[in-house]
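Trainee: I should like to go through this structure with you, beginning with the record and ending with the packing of the chain.

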Amino acid sequence: METVIENIPPVKPKWLKVKLPIGQKYTELRGLVDKYSLNTICTSGSCPNMGECWGEGTATFMILGNVCTRSCGFCGVKTGRPETVDWDEPEKVARSIKIMNIKHAVITSVDRDDLKDGGSIIWMETVRAIRRMNPNTTLETLIPDFQGIERNLDRIIEANPEVVSHNMETVRRLTREVRIQAKYDRSLEVLRYLKEKGINRTKSGIMLGLGETEEEVFQTMRDLRAANVDVVTLGQYLQPTKKHLPVKEFITPEQFARYEQFGIELGFRHVESGPLVRSSYKAQKHIL
C-alpha cells in the first residue's frame, strides 16, 4: 500500500543561510539595546539583516504594542485584544533612537482597527518626537492601511517622513488568503493617495514563495508603478510557525534577479530583490 504525504515543506536552500552579525557597531548597539531594554523589531523579529543594517546606523522600531487586531496568515505577531495606548511611547521611541545614535529609523506598527484613529495620532506624535530629539535622523514609516480612511492617512502626510511605506505583501489572487482583513485595491489606493498628497518617496514590499506565479508578480509590480510607487522590495516568505501559511516554494537568487531587472525597466527608483530582503533592507538609501 502506497502512502502519499502532502504539504511537506521544501528543504531550506543554502542561499537562505546567514552569518551571525558581527562588527564593532553591531556589538555597541546590541549592548545598548540590552542595557536600556530598547524595543526594536530587528531583535524581536530576529531579522537576518540586523548586523548589516545596524552597521550602517539603521534600525526598525514597532509602536502601538505587540498585539494586532488582524490575523494575517503570514505574520508572527500575536492577534487579539491590543493593549491600552501608551501616550508616552513617542518620547520613548525618540529616546531610544538618540541612545542608539541611529542615522535612519524605520517605524512600523501593528494594525489597530480597535481605535477610531487607527493609531494615526500616535504615529504622527512619534514622528514629531523623533524630529525634536533627533533632528539629523531621517525617517521611514511602514504604515498599516488605516482602513483607507483619508483623515488618518493625512496625519502621516502632515508629519512628512522622508519615506512612507505600505506593503502589498502578495499578489492579487492570494490577498484574501494571506492578508485576511486587507484588500489589494485598498492598499494600492493608499499608496496612490500618499503620492498625490505630496509624500516624496513611497515604497511597498512583496513576499514570494506563497504560490504566486511570475506573471502575477510582474503584474503587482506594474500596479505599484501605476500608483507612482518609487521603491519596491521583494523577499522570500518564511513560515513563522506551523500554524501559519506554508512555504510553497523557495525562490532562487536567479529569479529574484529577474524581478529586479523587471522593476528597473518599469522605472522604480530603487528595487531590492533577494531571498533575505525584508521591508527595511537598505532603507537608508531609499531617501535618495
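Trainee: At which residues does UniProt place the feature "domain: Radical SAM core"?

Mentor: The model before us is a predicted one. The UniProt entry, which is unreviewed, places the "Radical SAM core" domain at residues 54–269. Over that range the chain is 38% helix and 18% strand. The end C-alpha atoms of the range are 23 Å apart, and the placement asked for is residues 54–269.

Trainee: Which residues does UniProt list for "binding site", and where does Cys72 lie?

Mentor: The unreviewed entry lists Cys68, Cys72 and Cys75 under that heading. Cys68 lies in strand S2, residues 67–68. Cys72 lies in the loop between S2 and strand S3 (78–79).

Trainee: Is Cys68 buried or exposed?

Mentor: Leaving aside neighbours within four places in sequence, Cys68 is in contact with Val77, Lys78, Thr79, Gly80, Val110 and Asp111. Its relative accessible area is 9%, and the cut-off for burial is under 20%. Cys68 is therefore buried.

Trainee: Which residues does Cys72 touch, not counting those up to four places away in sequence?

Mentor: Cys72 is one of the residues listed for "binding site" in the UniProt record. With residues up to four places away in sequence not counted, Cys72 touches Val178, Arg179 and His244.

Trainee: Which helix gives the most to the largest nonpolar core?

Mentor: That core has 38 residues, and those with the most contacts inside it are Trp54, Ile97, Met100, Ile107, Trp123 and Ile143. Elements that each supply at least two of its residues include helix H4 (89–100), strand S4 (104–109) and helix H5 (120–133). With six residues, the element that gives the most is H5.

Trainee: How many residues has the other core?

Mentor: This other core lies apart from the largest one. Among its residues are Leu188, Val232, Ile251 and Tyr259. Its size is 32 residues.

Trainee: Why is strand S1 described as largely enclosed by the rest of the structure?

Mentor: In a regular strand, side chains alternate between the two faces of the sheet. On one side of S1, Thr58, Thr60 and Met62 are buried, and on the other Ala59, Phe61 and Ile63 are buried. S1 is largely enclosed because the number of its residues that are buried is six of six.

Trainee: In what sense do S1 and S4 pair?

Mentor: Ile63 stands opposite Ser109 in S4. The pairing of S1 and S4 runs over six bridges, and its sense is parallel.

Methods. Residues numbered from 1 in each chain as written. Predicted model: local features only at pLDDT ≥ 70, side-chain atom pairs only at ≥ 80, totals over all residues. Heavy atoms only, no water. UniProt positions renumbered as here; feature names shortened; annotations may be inferred. Helix = DSSP H or I, 4+ residues; strand = E, 2+ residues; numbered from the N terminus. Buried < 20%, exposed > 50% of the residue type's maximum accessible area, 1.4 Å probe, protein only. Contact = heavy atoms within 4.5 Å. Core = buried A, V, L, I, M, F, W, Y, C linked by side-chain atoms within 4.5 Å. Pairing = 2+ DSSP bridges.
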